[in-house]
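Let's take a friendly walk through this model, with an eye on charged pairs, one strand pairing and one serine. Please have the structure open as you read.

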Amino acid sequence: MPDDSTGKGRAGESALLAVVKEAEPFVAHWRRRFDSFTETGVPAHVTVLVPFLDAGRIDAATERELGLILGAHAPFAVRFERCGRFPEVLYLEPAPGGPFRELTGAVVKRWPEAPPYGGQFAEVVPHLTVAHGQDERVLGEVEAEVSARLPFAAQVTSISLYVSDGDRWHERAEFPLLG
């Protein structure tokens with residue numbers, strides 16, 4: 001998700017997310033405290049692409065095309081065995097990360113005007129954010145607690161399209177991975 005301290009996003013902003021329900025028992029407590037996106041309706045997830053297209057550009061034809069592109073990819077298993085860090089961010093590292101990068105690449109190939117994170121970063125690093133905007137001491141404490149509960153496994157069987165209304169994020173569509 002974008003680096004926004006409120007977690008609300010811009011009205012009409014969209015994102016493609018691999019929702020990871022299996023992560024909730026491991027990270028929900030920390031996300032509620034230290035990830036502002038939680039209170040705006042965003043579940044635990046690995047981002048496939050943000051920002052995607054403005055919601056006004058996403059019509060039935062776009063959704064059909066997304067369904068075909070994403071549906072060409074097979075469901076996959078992923079494990080979360082360790083934490084990683086960005087500046088002021090603690091996240092869980094999905095292994096393998098390759099399938100997430102492949103999904104991102106497939107969508108960006110079709111919509112090159114929507115580069116990951118607006119083109120801010122040279123490399124896409126798949127991750128599941130646990131906490132952000134905190135100092136090193138807080139991130140260290142959270143990391144110690146979360147790491148003690150790892151690993152866990154998850155199945156990625158679909159990708160969800162989320163759209164912000166300016167206050168909350170809402171799931172607009174879900175696209176199954178069919179292979």
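Eleven salt bridges turn up when the whole structure, a predicted model, is searched. Side chains of opposite charge can pair when their charged atoms come close. Here are some of these pairs, with the separation of the closest N and O atoms.

| Acidic residue | Basic residue | Closest N and O atoms |
|---|---|---|
| Glutamate 24 | Arginine 31 | 3.8 Å |
| Glutamate 63 | Arginine 172 | 3.0 Å |
| Glutamate 143 | Arginine 85 | 2.7 Å |

Glutamate 143 belongs to helix α4 (residues 136-147) and arginine 85 to strand β3 (residues 76-86), so their salt bridge ties together parts 58 residues apart in sequence. Glutamate 143 is partly exposed at 22% relative accessibility, and arginine 85 is partly exposed at 29%.

The salt bridge between glutamate 63 and arginine 172 links helix α2 (residues 60-71) with strand β8 (residues 169-176), the two residues being 109 residues apart.

Arginine 31 is buried, with 2% relative accessibility, whereas its partner glutamate 24 is partly exposed at 26%. Glu24 and Arg31 also join Asp35 in a network of salt bridges.

Now to the strands. Strand β5 (residues 128-132) has five of its five residues buried. Strand β4 (residues 89-95) pairs with β5 in the antiparallel sense over four bridges, and leucine 92 has leucine 128 in β5 as its bridge partner.

Finally, serine 164 sits in strand β7 (residues 158-164). Serine 164 is buried, at 3% relative accessible area. A polar atom of the serine 164 side chain lies 3.0 Å from the backbone nitrogen of glycine 166. Beyond its neighbours within four places in sequence, serine 164 is in contact with residues including Lys8, Arg10, Glu13 and Trp169.

Key. Residues numbered from 1 in each chain as written. Predicted model: local features only at pLDDT ≥ 70, side-chain atom pairs only at ≥ 80, totals over all residues. Heavy atoms only, no water. Buried < 20%, exposed > 50% of the residue type's maximum accessible area, 1.4 Å probe, protein only. Pairing = 2+ DSSP bridges. Polar contact = N/O pair within 3.5 Å; in protein donor to acceptor, adjacent residues only side chain to side chain. Contact = heavy atoms within 4.5 Å. Salt bridge = Lys/Arg side-chain N within 4 Å of Asp/Glu carboxyl O.
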